[in-house]
Amino acid sequence: MTRECAVLLPGVCAALADPRQPGLDDTCLEKLLDWFRSLTWFDSTVELVQDNPCLTELITSVLALQDPSPSILSFTLQLAGILASSESRFQHLQQEKLLGRLFGREGPRGGAAWEDASVRSAWVKGVHSMVHHQPALLFLCSTGGMDVIFTLQGDPSLFVASAASQLLVHMLTFSLESEISKTLSTKDCDWPACAQMIVKHIQESLQSSSASHMEQSLKLLSSLFGSCFGSCYAAWTEVLWLDIAKQIESFLLEETVQAQPLLANLLLNVARSPVFCGTEGSFWALLTSALEHLTPVQAGPLAVGLLKLCKCPQDVRIQALTVLLQPMDCILRAASQPLECAGLLDESVSDPGTVESLLSSKKTCAGLLCQTLAHLEKLLSLKHLRVDLPCVSLLHSLMTILQFCNGFLSPTSPLGSTISRNLINCFRVQKSALDVLAALSEEKDCDTLIGSLFDVLLAYLQSPNTSPTVLKKTFQATSRWLVRLQELSCSNSQWQQTEKILEDVFVVLQKRLCSPCWEVRDSSLEFLTAMVKCLRGQKEFRQCLLSSEVLRLTENLLEDPESYVRASAVTAVGHLALITCFAPESPVTENQYNKESIVAKLQEILSTDSEGFPRRAVISIFTKWLREGCTGQLEDTEQFVSRVIQTVERDLDWEVRLGGLELVEVFCSQTISQLSQCPYAPVSSAVTSSTPQNELLQVFCRAKLFGFLFGSLCDCDKPVGQRACDVLVGLRGHFYPVSTLENPQEIEDSPAGRGIAWLQKTLRQGSLAQNFPTDGAGGVDFQDPESMMLALGAIDLLELHDELNKSSDHVEESPQSLLQDILATVGTIEDNEVDCY
């Protein structure tokens, strides 16, 4: 603790203990606790409380209050726990007889203050902070604290109940630390005293007739096995599991047990423990039984978790996959008349009638399918899935679900008719199915169904009943499958099928671009952009695009009344220009006007659009064009960049200004590589000795880059200043690869010296110099190569870089500032207006 803080602390403690003072803001109290945590984290000595007796005086004063406020009592409980986290300070507080009055029987847990959830929560947090040494553990066990914690597991406040459960996990783990080096036998071991109390409580609760007690213990066990306990204490993990395994097995077999939903999470956490690495043993048999006896909704999370485990035996893995596929299998069988393809499964893990009844119910059908589809999407995203998915049948099932949802399939079986009625216009299921459909585009086995698949997708794209959110998902799935279709047509020469599908897609797209719903127009533009990104190199795609009305309609949407649509239109037009204007094979005569027209339109949006989204999109597209070399020869690019940054530097949106700096960075990098004889050759530090260096500076000055960059250093939005500094540091590294100018006097004596000195002084003011003059008002000519060379060498850009990267509240965030804020706040009758960082 600094001397300044030690001087301020007694006043703060006195104010906190004074009941006449108004209550402090909870944020201030929390920050104060954070400070004490940081003080005690690296210092376990008793001096903190001995040298600052005001801390124990604060605790004593609060305990003496007849009716302390819940916030001050909560603060005191947590502070005492933090201070007692080291054994020496614990003993000191014990000698002062304070800990018993806070955490013992005579503490607040027996009074009216205990009714406040914040006090109970603070008691638990204080104990958690304190229990980092054996005396604290013994103190808690001997003062009835364990029973309090067991009771708080079922607290009506979820925050308190969760904190109590976490505390028990910590206490059990901590109590075993001294035993970890002992060799244990699963038949003969003695739990340490505290751990024994917790384990006994768990066992009794599991056998209790109280459903809530049973659930609390299952949650506690799940947290235990899911924490470091399960991985660091292998022998104890096995001992604990053997103690409860029979009871867990009985829960699985008793269908009336309400706690069954908790069993799946518990079993999965146990399975993740390294104790059960072997493929033999009763544990995996229990998991098999769980997959069989839990309901499909309960077994789903367990099944997908097991499939992600490396050590899961293959037979259990196959059974887990079967559980996930049962609903999809039921859909296929219910829809086929007669059965066109085999179902997904040869046999079921559990009774197929259970899944059928869930899918037949309006209440459970969508929920089961959405859960199943989410699990399948997760599996398809895995790089190494250790079991084969029946992708063709799965795709059949997905197409069937989507046809049920839009009413395009009318099954003859009673079960199929019921399921189709349950799913009609079910947006949740449609979105989930389309997500899995998109993921399946990576699987090579599904190529035979691609024609039928596009029939389903096009039906959704064409239907007026498709909701905007489902349409967006359909567009996303369609773009993924169009890429797969293109790969397939290249290898199999199926040009006609590809061309027909693309023509149909563009017909639908034209219609959707004219939709009265702005979300639909926006999704359509995003879809178009995605297609251009993936397919612009394909001849069939370009032909279909150029023969459609899509180009004209997209350009019209640059004037859409909705700013999101205008922004998406800018992005789409920018990507389309790579085909229509900038591609080598573009017909120059008819596209030259288009190129100039498009550039002019986008520049107009950049300078006049009232919303930030379209302007951000323009600067992003201009940067993309520059990266891809679309802006012509160096002279053309120089003029283009100059015009853009002169517009951007006046923009009120900091993200647009930041985009302008990215454009400048790309331009600098490309210009340096073009004008340098060899990009890897060392560069002389003397500007006069290198013609390319002179030429570079002239290009940058003509483009008015330096005024923009130095002005951005003083931007009121820090990310802009940071990016500008990064660019200037990079330029300085190019022009001065060895060091900065060695003799500062040379700068002062030069004609530009006074201007450079002014510039350095202005930059030190940072964002206070927001109205930064870039027209030479400070005696600096930002378009003079010699002056800019001197500026790059003289100004300490690295120091400026460090300043810009400091937290904006690095001064105000100090503990001293916090204590001063608290002292300034107490005693006032106005509302607390302290700015506690």
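This passage describes the helices, the nonpolar core and several individual residues of a predicted model.

The protein chain in this predicted model holds 43 helices and 0 strands, and of its 837 residues 53% count as buried. Among the contacts in the chain with a separation of 6 or more, those between residues 24 or more positions apart account for 71%. The largest nonpolar core comprises 276 residues, and those with the most contacts inside it are Trp241, Leu306, Trp625, Phe700, Phe706 and Phe710. The largest share of this core, 11 residues, is supplied by helix α19, which spans residues 314-335. For Phe700, when neighbours within four places in sequence are left aside, the residues in contact are Phe667, Cys668, Thr671, Ile672, Leu705, Phe706, Leu731 and Phe735.

Helix α11 takes part in two of the helix pairings described here, one with α12 and one with α9. In the pairing with α12, the axes of α11 (residues 158-176) and α12 (residues 193-206) come within 8 Å and cross at roughly 140°, an angle that makes α11 oblique to α12. The crossing of these two helices is left-handed, and the contact is formed by Leu168, Met171, Leu172, Ser175 and Leu176 on the side of α11 and by Cys194, Ala195, Ile198 and Val199 on the side of α12. Sorted by class, the residues of this contact are 8 nonpolar and 1 polar, with no charged residues.

In the pairing with α9 (residues 134-142), the axes of α9 and α11 lie 11 Å apart and the helices pack at an angle of about 125°, so that α9 is oblique to α11. This crossing, too, is left-handed. Here Gln134, Leu137 and Leu140 of α9 meet Met171, Phe174 and Ser175 of α11, and the contact divides into 4 nonpolar and 2 polar residues, again without charged ones. Met171 and Ser175 of α11 are thus named in the contact with α12 as well as in the contact with α9.

Another arrangement is found for helix α35 and helix α38 (residues 718-735), which pack at an angle of about 10° with their axes 9 Å apart. Since angles under 35 degrees count as roughly parallel, α35 and α38 are described as roughly parallel to each other. On the side of α35 the residues involved are Trp654, Arg657, Leu658, Leu661, Glu662, Val664, Glu665, Cys668 and Ile672, and these meet Pro719, Val720, Arg723, Ala724, Val727, Leu731 and His734 in α38. The contact of α35 with α38 is made up of 11 nonpolar, 1 polar and 4 charged residues. Cys668, Ile672 and Leu731, which belong to this contact, are also among the residues in contact with Phe700.

Within helix α35, which covers residues 654-675, lies Gly660. Gly660 has a relative accessible area of 0% and is therefore buried. Leaving aside neighbours within four places in sequence, Gly660 is in contact with Ile619, Ile645, Val648 and Phe708. The C-alpha atom of Gly660 is separated by 9.9 Å from that of Leu709, a residue 49 positions away along the chain.

Several residues in loops complete the description. Most residues other than glycine have a negative phi. Lys97, which is not a glycine, nevertheless has a positive phi of about 55°, and Lys97 is located in the loop between α6 (87-95) and α7 (99-103). With a relative accessible area of 62%, Lys97 is classed as exposed. A positive phi, of about 60°, is likewise found at Asn425, also not a glycine, which lies in the loop between α23 (414-423) and α24 (427-439). The relative accessibility of Asn425 is 44%, so Asn425 counts as partly exposed. Pro390, in turn, occupies a position in the loop between α21 (362-380) and α22 (391-406), and with a relative accessible area of 26% Pro390 is partly exposed. Although Pro390 and Asp445 are 55 residues apart in sequence, their C-alpha atoms are 8.9 Å apart in space.

Terms used:
Residues numbered from 1 in each chain as written. Predicted model: local features only at pLDDT ≥ 70, side-chain atom pairs only at ≥ 80, totals over all residues. Heavy atoms only, no water. Axes fitted to C-alpha atoms, helices over the stretch in contact; angles between N-to-C directions. Helix = DSSP H or I, 4+ residues; strand = E, 2+ residues; numbered from the N terminus. Parallel < 35°, antiparallel > 145°, perpendicular 65-115°, else oblique. Left-handed = near helix turned anticlockwise from the far one by under 90°. Contact = heavy atoms within 4.5 Å. Nonpolar A, V, L, I, M, F, W, Y, C, P; charged D, E, K, R; others polar. Core = buried A, V, L, I, M, F, W, Y, C linked by side-chain atoms within 4.5 Å. Buried < 20%, exposed > 50% of the residue type's maximum accessible area, 1.4 Å probe, protein only.
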